[in-house]
Amino acid sequence: MVLEVAILNVKSGEAVAFEQAFLQAQSIISSMNGYVSHQLQKCMEQENRYILLVTWQTLEDHTQGFRQSAEYQQWKALLHHFYDPFPVVEHYQLLAGNKRLES
């Protein structure tokens, strides 16, 4: 599994429009081959900052399968104009982890 991480800085005054566009865009990414899950989280300290976490089966599922697809062009049209600056996207592999069990 590969975790895609992008910190998204949304232009001032565009947060609500971005969130609405993302609700539309998430159906695009979730339909892609190799997609596992995603989370969009809003920063509590900086109003226009979000983090996008997408889990893919392989790095190539994101970098080739998604980014080179027609669906990516739809994703790009919906979301990319909201960012300033354009986000750096990085990929991570799990080395260690645990999950707390609820009682």
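1. Order of elements. Read along the sequence, this predicted model follows the pattern β-α-β-β-α-α-β. The protein thus described contains three helices and four strands.

2. Overall dimensions and burial. The C-alpha trace spans about 40 × 35 × 25 Å along its principal axes. The protein has 103 residues, of which 34% count as buried. Its exposed surface amounts to about 7100 Å², and carbon and sulfur atoms supply 50% of that area.

3. Contacts across the sequence. Where contacts join residues at least 6 apart in sequence, 70% of them link residues at least 24 apart.

4. Charges. The protein carries 7 positive and 11 negative charges. The mean positions of these two sets are 2 Å apart.

5. Strand pairing. Strand β3 pairs with both β1 and β2. With β1 it runs antiparallel, joined by eight bridges; with β2 the pairing is also in the antiparallel sense, over seven bridges. Y50 of β3 illustrates the arrangement: L8 has Y50 as its bridge partner, and K42 stands opposite Y50.

6. The β2–β3 hairpin. Strands β2 (35–42) and β3 (49–56) form a hairpin with six residues between them. N48 lies in the loop that connects these two strands.

7. Environment of N48. Is this loop residue, N48, buried or exposed? N48 counts as buried because its relative accessibility is 18%, under the 20% cut-off. Neighbours within four places in sequence apart, N48 is in contact with L8, N9, V10, K11, S12, G13 and A15. Of these contacts, L8 is also the bridge partner of Y50 in β3.

8. The buried side of α2. Which residues of helix α2 (residues 59–66) are buried? They are D61, H62 and F66. These three residues lie on the same side of α2, because they cover an arc of only 95° around the axis.

9. Cover over α2. What covers the buried residues of α2? The cover includes the strands β1 (2–9), β3 and β4 (89–92), together with the helices α1 (15–30) and α3 (70–79). Strands β1 and β3, both part of this cover, are the pair joined by eight bridges.

10. Points to inspect together. For the strands, a useful place to begin is Y50 in β3, with L8 as bridge partner and K42 opposite. For the loop, the corresponding residue is N48, buried at 18% relative accessibility and in contact with residues including L8 and A15. For the helices, attention may turn to α2, where D61, H62 and F66 are buried.

How values were computed. Residues numbered from 1 in each chain as written. Predicted model: local features only at pLDDT ≥ 70, side-chain atom pairs only at ≥ 80, totals over all residues. Heavy atoms only, no water. Buried < 20%, exposed > 50% of the residue type's maximum accessible area, 1.4 Å probe, protein only. Contact = heavy atoms within 4.5 Å. Arc of directions from axis to C-beta. Areas by Shrake-Rupley, 256 points an atom, 1.4 Å probe, with all protein chains shown as cover. Lys, Arg positive; Asp, Glu negative; His and termini not counted. Charge placed at Lys NZ, Arg CZ, Asp CG, Glu CD. Pairing = 2+ DSSP bridges.
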